[in-house]
Amino acid sequence: MELSGAFDNILADLSGGASVLWLALIGILLIIWDAFKNDDAALPWVAALSVVAAVVLEALRLQDTTTTAFFDLMRVNGVASFVSIVILLSTLLSITLSVPYLKGIRHGYGEVYALILFATSGMLMLGTANSLVTVFVGLETMSIALYILTGLVRSDEGAVESALKYFLLGAFSTGFFLYGIALIYGATGTMYFTEMAGGYAARELPVLFWAGVALFLIGFLFKVSAVPFHMWTPDVYQGAPTTLTGYMSTASKAAAFAALILVLFYGIGTLPVAKWQMPLALVALVTVVLGNLLALTQNNVKRMLAYSSVAHAGYVLIALAAGTSEGYAGAIYYLLIYALMNVGAFGVMAFLEWDDKEGRVQMLDSLSGIGWRRPLLGVTMGVFMFSLTGFPPFGGFFGKIAVFAPAVEAGLTWLAIVGVLASALSGYYYLRVLYVFWMRPIESADRAVRERSFPVPRLSAAVLVTCAVLLIVIGFVPFVRDMTQAFFVGATPAGLL
Amino acid sequence: MEFPHLLSLVIFLPLIGAILTLFAPTDRSVRVFALVVTAFTFVLSILLWTEFDPSRAADLQFVSGDFPLISADIDVRYLVGIDGFSLLLVLLTTLLGPIVVLSSWSYIKAHVKGYYTLLLVLQSGMTGVFCAFDLLLFYIFFELTLIPMYFLIGIWGGERRIYAAVKFVIYTMVGSLLMLVGILYLGIEAGAAVNSGVFTTDYFKLLSFDVPLGMQTWLFVLFAFAFAIKVPMFPFHTWLPDAHVEAPTGGSVILAGVLLKMGTYGLVRFCLPFFPSASASHALLFAILAVIGIVYGALVSRAQPDAKKLVAYSSVSHLGFVVLGIFAFTLESLQGAMIQMINHGISTGALFLLVGMLYERRHTRLMADYGGIARTVPWLTFFMVLTALASAGLPGLNGFVGEFMILVGAFGSAAIGSPILVGLATTGVILAAVYLLWMLGRMFFGPVTHEANRGMPDLNRRELVVLVPMAALMIILGLMPQPFLRVSEPAAVRLLETIERKRALVEEGDLDGMRVLQQDGNVQAAPAPGGLIPNGDQDSNPIP
């Protein structure tokens, strides 16, 4: 390809990758700004506004047909825009919640928001990838920023420990990932998702290819914290600043799952389903069962939510194991709902703390009857917990239908049954939060929780209420569900370049 | 029809009221507002009764809604309506609304706003359950009732309230989530067979789908399991005494009056017509469990020292009759089951109200702490005796009608085919008289054993307002049940015909080795306008 032609090509595609570039650019700007005016109060809001601009940009492209840009390295419009919006939305909500929280625990550094933007930029790249290279670059950009954010509270040895753990295990999983990419490239001769199936058929190196896919998947399963690659999750979620845990658990998971969905839909998934369905189904099975079982035994709310996020990764995997268009659509729909629930739940927990160590050690029992004293937090937590359990009329219920129905349709009824039984189990620990919040006498609550925990500023209250209200109405707005269906159902994966 | 969305209004008015309640400034205004909302809802629901056309009671009336709910691509819709099975249950729900609000007036002292908000949400959910004609919509309402009930028991309940609340929710949830898998499976299969491949939970489309025999069995198990927990049937009843005893009076009344009926209603509305062959082949099993429930519930009731527990276990016994009636597959017993649901709601609801009133006065529910109080509270005693007799099935009062029809129907039932079993069930009526009269004797008659009972005030005006309509209904339903039976009769006739026809079709089709039967145009599963089915024979009514 001629150099000037390539340059024209890049210029023409710039608008396609605008969100990624824009956020990275603003991130750099924030770093410079911060150097001159340390921890300026305006920094977070500049970050938030830049995310809003990206949301608007992606929303405008939501209805366009999905295509690729930058020499087919990434996917733009349609499903890519939807994924971007999910990631950006959870970023935006998390930034808004983080401002008062980080200021409260005296770690409201300006760099935090630059790092969040870098991580988000990486997530956007990861979630809209069409090439293994893009996946890798996005994944690393995201991960490195997240490692730093996890260890934000440097004075707390627990936070440092969790950052180190995250870093080591993350680096380890990257090794798997890279090896997988190398083998897949060797077996197919391509890095592009869309050419994988063709390359596989042309070269007939099944052992090499499937070994590569297995390693590649292991890398993904690390990132989405599926069992048995979930060990890092509780420690990291517990040690990281609470609002940032909410951010990590939703945005990074949405990005990694989106990449997995794209690689399945456009690449591996076009190969006969029997070749890869069963391993994925088994991982989903152990993930929902073990995630929920382990969550049952937790007394620390953040650890409990960490295991619950493992379980929710399992529900998404159930939809992916179906290997149908409906399954991918259901998974992507679930990611949106999951983001709303989890950002909200971690947000509520953040406002029940009062110093930089509390989040890590706070026990559920110390929050007895807190709902009566902090009704806004109590009521919104009620919505989040019921939604996470999968109760109608909340979003979580419609999400569960969206992931279980494709599994039933694909003949994985046993998996769906295990899934619903596991969610019945999850009812126990989610409802336990509510009974501690509402049904225990307030007198038995920790004095410090009652008297010292953070006040909720108006904007953060608005964020929590928005999450709760969206969860109540989202199931009854057919538009969202229809859109996710339209991305996959009827779209032909093969040759869609 | 004059009121286009009357039914939707009846369903959602309490929910709107619940949201508005949040803005009420004082406890008193919350109570008054909740009363106004529920009373107005009841008045509106009376219009349903007066405008309902009993001659077309097998068909859907007051249809409201019919728009897609989740996605335009799948056939899940908001569709509500009522037929002969729904009408009385809807009326029972709306009637209990203001009664529960009034009965909680002075009982609930803490967190008044929260209590009434949840109560109103609960009423919307319950009404919706009986009106939903889309399976998934039904499921949404069905589960929606769990959320307020969890808090009502858990916050305003007795000492072991948290245990009871969690047990109640988890128990119900296991059943209903398994049913959800069944719903998804049925929706997909029915979509493929009768809805050109589009997932459907539309009641009438599901009804027109003849589920193949093998599939029927396990779908029936999933559905019936969920409903059996809700009823609750022996051996899934263990959540009930805990929930009943720990719940505040209002919660117990709703639980006994309406929530349990959601289980039996589900059996009649969905299990029987969707899976007729499986229902028939499991009829004996269900009859046996029902009879065990009848006898066991009654015996355990007799052993209780706690009046509220006694009433709670009596529900297991009474609901056993309903299940027996449903699985007898005869018109008399099905009709009896329908009327028994209403009767149980009224008389057991009233029993809980009365026990609650005693508790408010003496803060104990142990029967040993009372004794001879007929002298101090004659009016309360009068209502208690009347209610106990109604509950025990004294002829002339409402309890008799349902139980008699169920037993007569079940006795000749081919599906159960065991008169001995039904004979055993009959002992339940005697045992009910034993434990209820025993309770009356210990608590109300004889000498006054505790000094504290001497100063007990009799019913006040508010309590009279609560009890009089219940007592009136016991007598009205007992003396002239025909207007009520007439409402559900065409629906019952239609149901039995549907079962008969579908069984024949499916079983014949299965013999031919066909997987899914092709649909012939003559299948009248959807309601034919104008009511093509004659009104059944009037002789089926055993009450002169």
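Before we look at anything, let me say that a helix here is a DSSP run of type H or I with at least four residues, and that helices are numbered from the N terminus. What we have in front of us is a predicted model, so please hear everything that follows as computed from that prediction.

Let me start with the whole chain. Chain A contains 22 helices and two strands. Its radius of gyration is 22 Å, close to the 23 Å that the globule rule gives for 497 residues, so chain A is as compact as a globular protein of that length. Along the principal axes, the C-alpha trace of chain A spans about 70 × 60 × 40 Å. Of the 497 residues in chain A, 65% are buried, and if we take the contacts between residues at least 6 apart in sequence, 80% of them join residues at least 24 apart.

Now to the outside. The accessible surface of chain A comes to about 16100 Å², and carbon and sulfur atoms account for 69% of that area. On this surface there is a nonpolar patch of about 570 Å², made by Leu376(A), Val465(A), Val469(A), Leu470(A), Ile472(A), Val473(A), Val477(A) and Phe479(A).

Which helix gives the most to the nonpolar patch? That is helix H21 of chain A, covering residues 458-473, which contributes five residues. Let me pick out Val469(A), which is found in helix H21 and is one of the residues that make the patch. Val469(A) has a relative accessibility of 43%, and because partly exposed means between 20% and 50%, Val469(A) counts as partly exposed.

Definitions and conventions: Residues are numbered from 1 along each chain as its sequence is written. Chains are lettered from A and ligands numbered from 1 in the order in which they are written. This is a predicted model: local features need pLDDT of at least 70, side-chain atom pairs count only at pLDDT 80 or more; totals for chains, interfaces and linings use all residues. Side-chain values use heavy atoms; hydrogens and water are left out. Patches are made of residues with over 30% relative accessible area and no salt bridge: like charges are joined within 9 Å, nonpolar side chains (Val, Leu, Ile, Met, Phe, Trp, Tyr) within 5 Å. Accessible areas come from the Shrake-Rupley method with a 1.4 Å probe; for residues, only the protein chains shown count as cover. A salt bridge is a side-chain nitrogen of Lys or Arg within 4 Å of a carboxyl oxygen of Asp or Glu. Buried means under 20% relative accessible area, exposed over 50%, partly exposed in between (1.4 Å probe, protein chains only). The radius of gyration is taken over C-alpha atoms; the globule rule is 2.2 Å times the number of residues to the power 0.38. Contact means heavy atoms within 4.5 Å.
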